[in-house]
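Please keep the model open in your viewer, with side chains available for display, and follow the stops below in order.

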Amino acid sequence: MNRADRLPLANFGVAFAAFAVASAMAMMQALSRASLDLPFRSAKLYYLSVTAHGVLMALVFTTFFIVGFGYVVATRTLNRPLATPRLAWTGFWVALLGTVLAAGAILAGKASVLYTFYPPLQAHPAFYIGAALLIVGSWFWSVTMVLTYRAWRREHPTEPAPLAMHGMLVTAILWLIATLGVAIEDVVLLIPWSLGITQTIDPMLARMLFWYFGHPLVYFWLLPAYVVWYTIFPKVAGGKLFSDSLGRLVFILFLLLSTPVGFHHQFMDPAIPAGWKFLHSMITMGILFPSFITAFTITASMEVAGRAQGATGLLNWLGKLPWADPLFSSVVLAMLLFAVGGIGGAINASYMLNSAVHNTAWIQAHFHLTVGSAVALTFMGTAYYLLPRLLGRELELGLLARVQPYLWFLGMALFSFSNHITGLRGMPRRVYEASYGGSAIAANWKILTGVSALGGLLLFASAAFFVLVVLGTWLAGKKQTPEPIEWAEPLEPIAAKSTWLDRYGLWTVVAVVVILIAYAVPLWHHLQTIRFGSPGFKPF
Amino acid sequence: MNVPLYERVWMWAAGVIIAAFALTVAVGYGASAFQPPSHVETIDPANALADPRFAQRGVTLSERGATVVMVGMMFAYAPAVVHVPAGKPVTFRLTSIDVVHGFQIVGTNGNTMIVPGYVSQFTTTFAQPGEYLIVCNEYCGSGHHVMSAKLIVEAAP
């Protein structure tokens, strides 16, 4: 093992541990919603576990994985060490301390406020302080990524950044912009209020700050997955990337459009005027564009790979692709599920149409296709690819690794399609059970919650396979000389000189301007309104 | 930037699809057949039950339709059953006296968040008489899944 790889591996270790705990919680929830009686089943435990699942999957697994992956990309594509390795390690320990504090508060039953932690539900201060430390730790990562890029740029004044680094750098910048909202919410509003320093809190201001963060958060998850799709996947498929410059454009578009859309999570909220919601709805439609480009570019790269293996017909290139390779199948299946999730996203974003699905089971069905499939499945595939190369060990239990992505796909298809339908029939999300005192309307949902539970079981089996492969490889994999990490070449050679797409400072300024247009006026108006605060409640 | 022909066609097609989506939403916005509940009005949550706007809860009928005043709390709505006429606009006015709740009339486009300190308001018309289930769709504590109410839509006499 290369000494410098200890840092990404430490981050991956935390990520996979969080994933393992959160997966077990998820299975219990899926069974509970189907009203299957389990030992120790209780409403308190259910809401505790929904909180743990959300926080550990959406915030801990993703963040630590992305941090680790970012360091791999930076050191390997730029061929230089990190500019600030001490800062990077400090970030890891700070984020880990934060995770332990927050997870401890949740598991002790003192913070069943879900991963959205809307006040005036009030958690133990350790939860909010832990969240703040997790965010601060991740900032050290963002800063390390930017400083490492700048050090490389001084050594290479004219070259374009490698595409993978381009994507991860945009991710790091986007994260700094996005977390500003939740950091203000957490440190200025929630921590003093939970400690009793302030008596009341404005729940709407907290919601606006949370969703300022909450949507770019999903692109913080997605962009590293796109980096894998654009820069590792085409090579594993046996071909080349169809277009490098469009890949660059895609990441820049996400930097510009990810944040000024947060009100689309608040269409059904009072106290935000309709015009601003409409503006955010329109910008949200724009975000579809870079993903449409990605769908074409990655599929075209697959065709390039198939034809490179000698395929000549209209579709027989599909048969030439390495379907047994777990990174390849993970990414293809992730893309298929994401196509459905993306269309669902356009429906959610459609302003008044949102009232038919807001906070129903449709929403959890939607984001399990996006973050739970496009992102999580890609990250698992990436783990199969990276771990042997970083650890210098062979992938153990290879059969489980080959089956696992397909099992995830099947489980998610059952889980997601059933929940989309129960959502359309009005079943709310995040309920311990959904019988509503024997209501005939609620009885309509019953069979489909059973299908959802079956999906949950398959997903749990798939997650268990993944954890077994990781443990087996890490602890018992046969030592070998590590294969190199190979980055996909573009079909057409990239420009010799950096272009307008590599002007990160400029694009950051443009992104900030668009955010100000979308947020400054409504936030200012809100702060001018006469508002009444709320004390904290702990009904859990 | 050199974009291959096929991809250029695809990008134009994607642009057209997105423009069509946006236009559909914009037409709905302009026609204002149904707007999301974007009412801006504040209220002291500690005093909401005594506030003149929410002291008299329940249904007020008028020539033009009905107004329903309800309060959400852990883990119930007050009142728990409301009767409204079919085919006429019904305006809901809602607030919370504790945490954030949801208010969703299953099978309709009636759906809003209820946030303490704020008044949620929306208007909708129920074409079909019958019994509707109202559920809380925002987690509000360990009794979240039992928080519900009944809406009886009565046919015009």
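The tour covers aromatic pairs, charges over rings, and a hairpin.

Bear in mind from the outset that this is a predicted model. Taken over all chains, the count of aromatic pairs comes to 57. For an example, select A:F65 and A:F69, whose ring centres are 6.4 Å apart and whose planes make an angle of 15 degrees; because planes under 30 degrees apart count as stacked, this pair is a stacked one. Colour helix α2 of chain A (residues 43-78) as well, and you will find that A:F65 and A:F69 are four residues apart in that helix, a separation of about one helical turn. In a surface view A:F65 should be hidden, since its relative accessible area is 1% and it is buried, and A:F69 is likewise buried, with a relative accessible area of 1%.

Next select A:Y226 and A:F338, an aromatic pair with an edge-to-face arrangement, in which the centres are 6.4 Å apart and the planes are at 80 degrees. Here the partners come from separate helices: A:Y226 belongs to helix α6 (residues 203-231) of chain A and A:F338 to helix α10 (residues 326-348) of chain A, so the contact ties together parts that lie 112 residues apart in sequence. A:Y226 is buried at a relative accessible area of 1%, and A:F338 is buried too, at 14%.

For a wider view, display A:Y115, A:F117, A:Y118, A:F127, A:Y128, A:W141, A:W175, A:F210, A:W211, A:F213 and A:F220 together, as ring pairs link these residues into a cluster. Keep A:Y118 in view and add A:R207, whose charged end sits over the ring of A:Y118 at 4.2 Å from its centre. Then move to A:R389 and A:Y385, where the charged end of the arginine sits over the tyrosine ring, 3.8 Å from the ring centre.

Finally, turn to chain B and select strand β6 (residues 101-105) together with strand β7 (residues 111-114), which pair in the antiparallel sense over four bridges. Within this pairing, B:H101 has B:I114 of β7(B) as its bridge partner. The two strands, β6(B) and β7(B), form a hairpin with five residues between them, and B:G107 in the turn has a positive phi of about 85 degrees.

Which way do the side chains of β7(B) point? In a regular strand the side chains alternate between the two faces of the sheet. Accordingly, look for B:N111 and B:M113 pointing one way and B:T112 and B:I114 the other way, with all of them buried.

Notes: Residues numbered from 1 in each chain as written. Chains lettered and ligands numbered in written order. Predicted model: local features only at pLDDT ≥ 70, side-chain atom pairs only at ≥ 80, totals over all residues. Heavy atoms only, no water. Phe/Tyr/Trp six-rings, centres within 6.5 Å; stacked < 30°, edge-to-face > 60°. Buried < 20%, exposed > 50% of the residue type's maximum accessible area, 1.4 Å probe, protein only. Lys NZ or Arg CZ within 6 Å of the ring centre and 35° of its normal. Pairing = 2+ DSSP bridges.
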